[in-house]
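User: I'm new to this structure and would like a close look at one part of it. Could you start there and then show me what else is worth following along the chain?

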Amino acid sequence: MNLVPVSFDSIRIGQPLPFPLVDEDGVLLARKSFVVESRAHLEDIVGRGRGLFIDVSDSGALHRAYVDQLQTLVRSEKSLGEIADTKLSAEALRKRVVDDERIDWLDLQVQTNYLLRDSNPETFQSRLVRIDDILSEQTQRNPDGTLFALIHLSATETQLYSATHAMLVSAMCSLASREVLGWSESIDAIVRRVALTMNVCMTDLQDKLALQVEPPTPEQRAAIDNHPKGSGDLLRTLGVGDPLWLEAVRYHHKLPGPLLDKTPAQRMARLVQRADMFAARLAPRASRVPISPAAAMQACYFDENRQVDEAGAALIKAVGIYQPGSFVRLATDEVGVVVRRGQNTSTPRVAVVVNRSGMPTGEPIVRDTSAREHRIVASVPHREVKVKINLERMLPLTATTATDRPW
(Lines give C-alpha, C1' and ligand atoms only; values in the text may rest on other atoms or scores of the structure.)
Protein backbone atom coordinates (compact mmCIF):
# COMPACT_ATOMS: atom_id res chain seq x y z
CA MET A 1 0.00 0.00 0.00
CA ASN A 2 1.08 3.57 -0.70
CA LEU A 3 -0.80 5.46 1.99
CA VAL A 4 -1.70 9.16 2.03
CA PRO A 5 -2.85 10.92 5.22
CA VAL A 6 -6.24 12.65 5.11
CA SER A 7 -7.80 15.26 7.37
CA PHE A 8 -11.19 15.23 9.09
CA ASP A 9 -12.30 18.02 6.75
CA SER A 10 -11.89 15.73 3.75
CA ILE A 11 -14.59 13.38 5.06
CA ARG A 12 -18.22 14.30 4.35
CA ILE A 13 -20.50 13.62 7.30
CA GLY A 14 -23.71 11.77 6.42
CA GLN A 15 -22.48 10.73 2.96
CA PRO A 16 -21.17 7.32 1.78
CA LEU A 17 -17.38 7.19 1.79
CA PRO A 18 -15.99 7.21 -1.78
CA PHE A 19 -12.92 5.26 -0.52
CA PRO A 20 -11.99 2.89 2.32
CA LEU A 21 -10.31 4.43 5.39
CA VAL A 22 -7.29 2.73 6.96
CA ASP A 23 -4.78 3.55 9.68
CA GLU A 24 -1.05 4.04 9.10
CA ASP A 25 -0.52 0.24 9.26
CA GLY A 26 -3.11 -0.35 6.55
CA VAL A 27 -5.69 -1.73 8.98
CA LEU A 28 -9.22 -1.14 7.66
CA LEU A 29 -11.18 1.37 9.75
CA ALA A 30 -14.20 1.92 7.48
CA ARG A 31 -15.11 0.28 4.20
CA LYS A 32 -15.98 2.13 1.00
CA SER A 33 -19.63 3.38 1.00
CA PHE A 34 -19.75 3.36 4.81
CA VAL A 35 -21.71 6.38 6.12
CA VAL A 36 -20.03 8.45 8.85
CA GLU A 37 -23.00 9.75 10.83
CA SER A 38 -21.39 12.53 12.88
CA ARG A 39 -18.13 14.20 13.85
CA ALA A 40 -18.13 12.14 17.06
CA HIS A 41 -18.60 8.99 14.98
CA LEU A 42 -15.58 9.95 12.87
CA GLU A 43 -13.49 10.60 15.98
CA ASP A 44 -14.47 7.15 17.25
CA ILE A 45 -13.34 5.57 13.97
CA VAL A 46 -9.99 7.36 14.13
CA GLY A 47 -9.57 6.31 17.77
CA ARG A 48 -9.55 2.66 16.73
CA GLY A 49 -6.26 2.97 14.87
CA ARG A 50 -3.23 5.17 14.39
CA GLY A 51 -4.12 8.09 12.12
CA LEU A 52 -6.43 8.35 9.13
CA PHE A 53 -5.17 7.29 5.70
CA ILE A 54 -6.26 6.10 2.27
CA ASP A 55 -4.40 4.14 -0.38
CA VAL A 56 -2.97 6.55 -3.00
CA SER A 57 -4.91 4.66 -5.68
CA ASP A 58 -8.07 6.07 -4.08
CA SER A 59 -6.80 9.66 -3.92
CA GLY A 60 -8.83 10.70 -6.95
CA ALA A 61 -12.00 9.82 -5.10
CA LEU A 62 -10.82 11.82 -2.10
CA HIS A 63 -10.04 14.78 -4.32
CA ARG A 64 -13.53 14.75 -5.84
CA ALA A 65 -15.11 14.48 -2.39
CA TYR A 66 -13.06 17.42 -1.18
CA VAL A 67 -14.00 19.53 -4.20
CA ASP A 68 -17.67 18.67 -3.70
CA GLN A 69 -17.38 19.92 -0.12
CA LEU A 70 -15.75 23.17 -1.27
CA GLN A 71 -18.55 23.77 -3.77
CA THR A 72 -21.14 23.25 -1.05
CA LEU A 73 -19.41 25.86 1.11
CA VAL A 74 -19.22 28.37 -1.73
CA ARG A 75 -22.85 27.94 -2.70
CA SER A 76 -24.02 28.25 0.90
CA GLU A 77 -22.21 31.63 1.06
CA LYS A 78 -19.77 30.62 3.80
CA SER A 79 -17.05 33.10 4.65
CA LEU A 80 -13.70 32.94 2.90
CA GLY A 81 -12.13 32.03 6.22
CA GLU A 82 -14.34 28.96 6.58
CA ILE A 83 -13.64 27.94 2.98
CA ALA A 84 -9.88 28.48 3.39
CA ASP A 85 -9.88 26.26 6.49
CA THR A 86 -11.22 23.32 4.49
CA LYS A 87 -7.98 21.72 3.38
CA LEU A 88 -6.58 18.57 1.91
CA SER A 89 -3.94 17.40 4.33
CA ALA A 90 -1.59 16.10 1.64
CA GLU A 91 0.07 18.45 -0.85
CA ALA A 92 0.42 15.46 -3.16
CA LEU A 93 -3.34 15.39 -3.65
CA ARG A 94 -3.52 19.09 -4.41
CA LYS A 95 -0.72 18.65 -6.94
CA ARG A 96 -2.81 16.07 -8.82
CA VAL A 97 -4.80 18.83 -10.51
CA VAL A 98 -1.61 19.69 -12.45
CA ASP A 99 -0.05 16.27 -12.86
CA ASP A 100 -3.17 14.24 -13.66
CA GLU A 101 -4.27 14.56 -17.28
CA ARG A 102 -7.83 14.01 -16.04
CA ILE A 103 -7.96 17.50 -14.62
CA ASP A 104 -10.76 18.17 -12.16
CA TRP A 105 -12.52 21.12 -13.78
CA LEU A 106 -14.91 21.57 -10.87
CA ASP A 107 -11.95 21.98 -8.55
CA LEU A 108 -10.40 24.55 -10.87
CA GLN A 109 -13.72 26.44 -10.89
CA VAL A 110 -13.64 26.60 -7.09
CA GLN A 111 -9.99 27.69 -7.03
CA THR A 112 -10.65 30.44 -9.56
CA ASN A 113 -13.74 31.56 -7.69
CA TYR A 114 -11.66 31.85 -4.52
CA LEU A 115 -8.93 33.77 -6.39
CA LEU A 116 -11.39 36.36 -7.74
CA ARG A 117 -12.54 37.06 -4.19
CA ASP A 118 -9.05 37.25 -2.67
CA SER A 119 -8.34 40.78 -1.44
CA ASN A 120 -4.99 39.91 0.16
CA PRO A 121 -1.97 41.28 -1.78
CA GLU A 122 0.24 38.68 -0.10
CA THR A 123 -1.65 35.74 -1.60
CA PHE A 124 -3.43 37.02 -4.72
CA GLN A 125 -0.59 36.78 -7.25
CA SER A 126 0.67 33.40 -6.06
CA ARG A 127 -2.85 31.97 -6.42
CA LEU A 128 -3.20 33.61 -9.81
CA VAL A 129 0.09 32.15 -11.05
CA ARG A 130 -0.89 28.66 -9.87
CA ILE A 131 -4.29 28.76 -11.59
CA ASP A 132 -2.85 30.31 -14.76
CA ASP A 133 -0.15 27.61 -14.87
CA ILE A 134 -2.73 24.83 -14.53
CA LEU A 135 -5.04 26.29 -17.18
CA SER A 136 -2.22 27.14 -19.58
CA GLU A 137 -0.63 23.71 -19.30
CA GLN A 138 -3.96 22.01 -19.92
CA THR A 139 -4.76 24.32 -22.85
CA GLN A 140 -1.46 23.41 -24.51
CA ARG A 141 -1.64 19.72 -23.62
CA ASN A 142 -5.25 19.19 -24.71
CA PRO A 143 -6.81 22.34 -26.21
CA ASP A 144 -9.91 20.51 -27.40
CA GLY A 145 -10.52 19.00 -23.97
CA THR A 146 -10.07 22.40 -22.35
CA LEU A 147 -12.57 24.05 -24.69
CA PHE A 148 -14.99 21.13 -24.32
CA ALA A 149 -15.00 21.30 -20.52
CA LEU A 150 -15.27 25.08 -20.25
CA ILE A 151 -17.88 25.55 -22.99
CA HIS A 152 -19.95 22.71 -21.55
CA LEU A 153 -19.79 24.21 -18.04
CA SER A 154 -20.47 27.73 -19.33
CA ALA A 155 -23.55 26.62 -21.25
CA THR A 156 -25.10 24.35 -18.64
CA GLU A 157 -24.84 26.05 -15.25
CA THR A 158 -25.17 29.44 -13.60
CA GLN A 159 -23.19 28.63 -10.45
CA LEU A 160 -19.67 30.08 -10.21
CA TYR A 161 -20.38 32.12 -13.35
CA SER A 162 -17.47 34.56 -12.95
CA ALA A 163 -14.89 31.84 -12.48
CA THR A 164 -16.04 29.74 -15.46
CA HIS A 165 -16.32 32.83 -17.66
CA ALA A 166 -12.78 34.00 -16.80
CA MET A 167 -11.27 30.56 -17.48
CA LEU A 168 -13.01 30.20 -20.86
CA VAL A 169 -11.97 33.68 -22.02
CA SER A 170 -8.39 33.02 -20.91
CA ALA A 171 -8.18 29.70 -22.77
CA MET A 172 -9.72 31.12 -25.97
CA CYS A 173 -7.42 34.14 -25.98
CA SER A 174 -4.36 31.98 -25.42
CA LEU A 175 -5.22 29.71 -28.37
CA ALA A 176 -5.83 32.71 -30.64
CA SER A 177 -2.68 34.54 -29.54
CA ARG A 178 -0.40 31.53 -30.03
CA GLU A 179 -1.95 29.58 -32.92
CA VAL A 180 -3.29 32.42 -35.10
CA LEU A 181 -1.80 35.80 -34.21
CA GLY A 182 1.68 34.45 -33.47
CA TRP A 183 2.17 36.55 -30.36
CA SER A 184 5.21 35.90 -28.19
CA GLU A 185 5.14 33.65 -25.14
CA SER A 186 5.52 36.66 -22.85
CA ILE A 187 2.56 38.48 -24.46
CA ASP A 188 0.50 35.29 -24.34
CA ALA A 189 1.17 35.03 -20.58
CA ILE A 190 -0.07 38.58 -20.05
CA VAL A 191 -3.21 38.18 -22.16
CA ARG A 192 -4.15 35.02 -20.24
CA ARG A 193 -3.93 36.89 -16.94
CA VAL A 194 -5.78 39.90 -18.32
CA ALA A 195 -8.64 37.55 -19.20
CA LEU A 196 -8.62 35.95 -15.75
CA THR A 197 -8.68 39.31 -13.92
CA MET A 198 -10.59 41.71 -16.21
CA ASN A 199 -13.72 41.59 -14.01
CA VAL A 200 -12.07 41.12 -10.62
CA CYS A 201 -13.75 44.17 -9.06
CA MET A 202 -17.26 42.91 -9.91
CA THR A 203 -17.05 39.17 -9.22
CA ASP A 204 -19.89 39.21 -6.69
CA LEU A 205 -22.04 41.34 -8.98
CA GLN A 206 -21.41 39.07 -11.97
CA ASP A 207 -22.49 36.01 -10.02
CA LYS A 208 -25.60 37.79 -8.72
CA LEU A 209 -26.59 39.01 -12.20
CA ALA A 210 -26.38 35.44 -13.54
CA LEU A 211 -29.14 34.50 -11.08
CA GLN A 212 -31.11 37.78 -11.21
CA VAL A 213 -34.33 37.83 -13.21
CA GLU A 214 -34.79 41.62 -13.14
CA PRO A 215 -32.73 43.99 -15.33
CA PRO A 216 -29.68 45.58 -13.65
CA THR A 217 -30.51 48.41 -11.29
CA PRO A 218 -29.00 51.86 -11.96
CA GLU A 219 -26.37 51.15 -9.30
CA GLN A 220 -25.54 47.78 -10.86
CA ARG A 221 -25.36 49.35 -14.34
CA ALA A 222 -22.93 51.98 -13.04
CA ALA A 223 -20.74 49.25 -11.55
CA ILE A 224 -20.78 47.36 -14.86
CA ASP A 225 -19.86 50.49 -16.82
CA ASN A 226 -17.01 51.38 -14.44
CA HIS A 227 -15.55 47.92 -13.91
CA PRO A 228 -12.63 48.14 -16.39
CA LYS A 229 -11.14 51.04 -14.45
CA GLY A 230 -12.18 49.54 -11.13
CA SER A 231 -10.54 46.22 -11.92
CA GLY A 232 -7.34 47.95 -12.99
CA ASP A 233 -7.26 49.97 -9.78
CA LEU A 234 -7.94 46.89 -7.64
CA LEU A 235 -5.21 44.88 -9.38
CA ARG A 236 -2.71 47.62 -8.59
CA THR A 237 -3.62 47.44 -4.89
CA LEU A 238 -3.18 43.65 -5.09
CA GLY A 239 0.41 44.08 -6.24
CA VAL A 240 0.10 43.93 -10.03
CA GLY A 241 2.57 46.42 -11.50
CA ASP A 242 2.87 45.32 -15.14
CA PRO A 243 1.76 48.36 -17.19
CA LEU A 244 0.65 46.22 -20.18
CA TRP A 245 -1.54 44.06 -17.95
CA LEU A 246 -3.13 47.04 -16.22
CA GLU A 247 -3.70 48.98 -19.45
CA ALA A 248 -5.26 45.97 -21.16
CA VAL A 249 -7.68 45.46 -18.27
CA ARG A 250 -8.69 49.14 -18.32
CA TYR A 251 -9.36 49.08 -22.09
CA HIS A 252 -10.99 45.66 -22.47
CA HIS A 253 -14.42 47.19 -23.26
CA LYS A 254 -13.25 49.75 -25.81
CA LEU A 255 -11.15 50.23 -28.94
CA PRO A 256 -12.87 48.73 -31.99
CA GLY A 257 -10.97 48.49 -35.24
CA PRO A 258 -7.89 46.74 -36.68
CA LEU A 259 -5.24 45.39 -34.31
CA LEU A 260 -2.42 46.95 -36.32
CA ASP A 261 -3.48 50.46 -35.31
CA LYS A 262 -3.28 49.67 -31.60
CA THR A 263 -0.60 49.51 -28.92
CA PRO A 264 0.38 46.03 -27.62
CA ALA A 265 -1.83 46.46 -24.56
CA GLN A 266 -4.75 47.63 -26.69
CA ARG A 267 -4.38 44.60 -28.98
CA MET A 268 -4.61 42.32 -25.97
CA ALA A 269 -7.60 44.27 -24.70
CA ARG A 270 -9.42 43.90 -28.01
CA LEU A 271 -8.82 40.14 -28.18
CA VAL A 272 -10.08 39.75 -24.60
CA GLN A 273 -13.13 41.91 -25.34
CA ARG A 274 -14.21 39.75 -28.29
CA ALA A 275 -13.72 36.51 -26.34
CA ASP A 276 -15.56 38.10 -23.41
CA MET A 277 -18.51 38.83 -25.70
CA PHE A 278 -18.58 35.25 -26.99
CA ALA A 279 -18.46 33.67 -23.54
CA ALA A 280 -21.10 36.02 -22.11
CA ARG A 281 -23.59 35.20 -24.87
CA LEU A 282 -22.97 31.50 -24.46
CA ALA A 283 -23.76 31.38 -20.74
CA PRO A 284 -27.28 30.95 -19.34
CA ARG A 285 -28.76 33.64 -17.12
CA ALA A 286 -31.90 33.58 -15.02
CA SER A 287 -33.18 36.46 -17.19
CA ARG A 288 -32.48 34.88 -20.58
CA VAL A 289 -31.51 31.69 -22.36
CA PRO A 290 -28.08 31.39 -23.98
CA ILE A 291 -27.61 31.39 -27.72
CA SER A 292 -25.82 28.60 -29.54
CA PRO A 293 -22.00 28.69 -29.60
CA ALA A 294 -22.04 29.11 -33.39
CA ALA A 295 -24.35 32.13 -33.11
CA ALA A 296 -22.26 33.57 -30.26
CA MET A 297 -19.10 33.24 -32.33
CA GLN A 298 -20.74 34.83 -35.37
CA ALA A 299 -21.67 37.83 -33.22
CA CYS A 300 -18.05 38.45 -32.28
CA TYR A 301 -16.88 38.06 -35.90
CA PHE A 302 -18.24 41.52 -36.82
CA ASP A 303 -17.27 44.72 -35.03
CA GLU A 304 -19.39 47.66 -33.92
CA ASN A 305 -19.42 48.99 -37.50
CA ARG A 306 -20.48 45.62 -38.99
CA GLN A 307 -17.00 45.11 -40.41
CA VAL A 308 -15.03 41.88 -40.02
CA ASP A 309 -13.26 42.16 -36.67
CA GLU A 310 -9.63 41.02 -36.78
CA ALA A 311 -9.60 39.79 -33.19
CA GLY A 312 -12.93 38.02 -33.60
CA ALA A 313 -11.74 36.35 -36.79
CA ALA A 314 -8.61 35.14 -34.98
CA LEU A 315 -10.75 33.59 -32.26
CA ILE A 316 -12.92 31.78 -34.81
CA LYS A 317 -9.87 30.41 -36.57
CA ALA A 318 -8.43 29.26 -33.25
CA VAL A 319 -11.48 27.53 -31.77
CA GLY A 320 -13.59 26.80 -34.86
CA ILE A 321 -17.08 27.76 -35.97
CA TYR A 322 -18.31 24.71 -34.07
CA GLN A 323 -16.27 24.57 -30.88
CA PRO A 324 -15.65 21.49 -28.70
CA GLY A 325 -18.49 21.22 -26.22
CA SER A 326 -21.14 22.59 -28.62
CA PHE A 327 -23.96 20.56 -30.20
CA VAL A 328 -24.63 20.15 -33.93
CA ARG A 329 -27.05 18.35 -36.21
CA LEU A 330 -25.57 16.20 -38.98
CA ALA A 331 -26.87 15.46 -42.48
CA THR A 332 -27.85 12.02 -41.12
CA ASP A 333 -30.26 13.85 -38.73
CA GLU A 334 -28.15 12.69 -35.80
CA VAL A 335 -27.25 15.15 -33.03
CA GLY A 336 -23.74 15.14 -31.65
CA VAL A 337 -21.40 17.09 -29.44
CA VAL A 338 -18.18 18.44 -30.94
CA VAL A 339 -15.18 16.74 -29.35
CA ARG A 340 -12.27 17.89 -31.51
CA ARG A 341 -11.52 20.69 -33.91
CA GLY A 342 -10.95 19.54 -37.48
CA GLN A 343 -8.70 20.36 -40.40
CA ASN A 344 -10.68 23.57 -40.94
CA THR A 345 -13.05 25.69 -38.86
CA SER A 346 -16.24 23.97 -40.02
CA THR A 347 -15.35 20.24 -40.04
CA PRO A 348 -14.79 19.10 -36.46
CA ARG A 349 -14.98 15.59 -35.05
CA VAL A 350 -18.38 14.97 -33.46
CA ALA A 351 -19.57 12.34 -30.98
CA VAL A 352 -23.17 11.39 -31.79
CA VAL A 353 -25.32 11.33 -28.63
CA VAL A 354 -28.82 11.29 -30.23
CA ASN A 355 -29.57 8.97 -33.17
CA ARG A 356 -31.73 9.81 -36.18
CA SER A 357 -34.78 8.44 -34.36
CA GLY A 358 -34.28 10.97 -31.58
CA MET A 359 -33.12 8.39 -29.04
CA PRO A 360 -29.92 8.66 -26.96
CA THR A 361 -27.08 6.48 -28.17
CA GLY A 362 -25.73 3.92 -25.74
CA GLU A 363 -22.15 4.82 -26.56
CA PRO A 364 -20.96 8.00 -28.33
CA ILE A 365 -20.18 7.38 -32.02
CA VAL A 366 -17.43 9.63 -33.41
CA ARG A 367 -18.08 11.13 -36.85
CA ASP A 368 -15.69 13.00 -39.13
CA THR A 369 -17.79 15.88 -40.44
CA SER A 370 -15.46 16.48 -43.36
CA ALA A 371 -17.18 13.46 -44.93
CA ARG A 372 -20.18 14.65 -46.97
CA GLU A 373 -22.56 12.09 -45.50
CA HIS A 374 -21.73 13.34 -41.99
CA ARG A 375 -21.52 17.05 -42.71
CA ILE A 376 -22.92 19.56 -40.22
CA VAL A 377 -26.21 21.13 -41.27
CA ALA A 378 -27.04 23.21 -38.18
CA SER A 379 -25.88 24.28 -34.76
CA VAL A 380 -28.09 23.11 -31.88
CA PRO A 381 -28.53 25.12 -28.65
CA HIS A 382 -27.62 23.24 -25.47
CA ARG A 383 -31.13 23.70 -24.05
CA GLU A 384 -32.62 21.67 -26.90
CA VAL A 385 -30.50 18.59 -26.18
CA LYS A 386 -31.99 16.54 -23.37
CA VAL A 387 -29.10 14.08 -23.10
CA LYS A 388 -26.97 14.69 -20.01
CA ILE A 389 -23.26 14.87 -20.89
CA ASN A 390 -20.89 13.07 -18.54
CA LEU A 391 -17.74 15.18 -18.62
CA GLU A 392 -15.38 12.46 -17.40
CA ARG A 393 -16.72 10.03 -19.98
CA MET A 394 -16.52 12.45 -22.91
CA LEU A 395 -13.16 14.10 -22.28
CA PRO A 396 -11.07 11.09 -23.44
CA LEU A 397 -12.65 11.56 -26.89
CA THR A 398 -11.09 15.03 -27.11
CA ALA A 399 -7.50 13.73 -27.21
CA THR A 400 -5.91 15.03 -30.41
CA THR A 401 -3.80 12.94 -32.78
CA ALA A 402 -1.30 14.36 -35.25
CA THR A 403 -3.76 14.09 -38.14
CA ASP A 404 -6.56 15.80 -36.20
CA ARG A 405 -4.77 19.05 -35.38
CA PRO A 406 -6.45 22.06 -36.97
CA TRP A 407 -4.94 24.01 -39.82
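Analyst:
**Strand β6 and beyond**

Let's start with a single pairing: F327 has V337 as its bridge partner in β6. Before going on, note that this is a predicted model, where local features need pLDDT of at least 70, side-chain atom pairs count only at pLDDT 80 or more, and totals for chains, interfaces and linings use all residues. Numbering runs from 1 along each chain as its sequence is written, and side-chain values use heavy atoms, leaving out hydrogens and water.

Strand β6 covers residues 335-340. (Strands are DSSP runs of E, at least two residues, and helices are runs of H or I, at least four, numbered from the N terminus.) On one side, β6 runs antiparallel to β5, residues 327-330, with three bridges joining them. The two make a hairpin with four residues in between, and D333 in that turn has a positive phi of about 70°.

On the other side, β6 is joined to β7, residues 349-354, by five bridges, again antiparallel. Here V338 sits opposite V350, and R340 faces R349.

How much of β6 is buried? Six of its six residues are, so the strand is largely enclosed by the rest of the structure. (Buried means under 20% relative accessible area, exposed over 50%, and partly exposed in between, with a 1.4 Å probe and protein chains only.) In general, side chains of a regular strand alternate between the two faces of the sheet.

Zooming out, β6 belongs to an open sheet of five strands, ordered β8-β7-β6-β5-β9 and paired antiparallel. (Two strands pair if DSSP finds at least two bridges between them.) At the edges lie β8 (360-368) and β9 (376-380), each pairing on one side only. On average, neighbouring strands of this sheet are turned by 35° against each other, direction ignored.

Now for some helices. Helix α7, residues 143-156, packs against α8 at an angle of about 150°, with the axes 10 Å apart. (Axes are lines fitted to C-alpha atoms, for helices over the stretch in contact, and angles run from 0 to 180 degrees between N-to-C directions.) Among the α7 residues that meet α8 are L147, L150 and I151, while the α8 side includes M167, L168 and L175. Contact means heavy atoms within 4.5 Å. The residues of this contact divide into 10 nonpolar, three polar and no charged. (Ala, Val, Leu, Ile, Met, Phe, Trp, Tyr, Cys and Pro count as nonpolar, Asp, Glu, Lys and Arg as charged, and the others, Gly among them, as polar.)

Also in α8 is A166, which is buried at a relative accessible area of 4%. Beyond its neighbours within four places in sequence, A166 touches L116, A195 and L196. Its C-alpha is 9.5 Å from that of V200, 34 residues away in sequence.

After α8 (161-179) comes V180, in the loop that leads to α9 (185-197). V180 is partly exposed, at 28% relative accessibility. Leaving out neighbours within four places in sequence, its contacts are L175, A314, K317 and A318. V180 and A318 are 138 residues apart along the chain, yet their C-alpha atoms are separated by 6.3 Å.

Finally, the cysteines: C173 is buried at 0% relative accessible area, whereas C201 is partly exposed at 35%. Searching the whole structure turns up zero disulfides, a disulfide being a pair of cysteine sulfur atoms within 2.5 Å.
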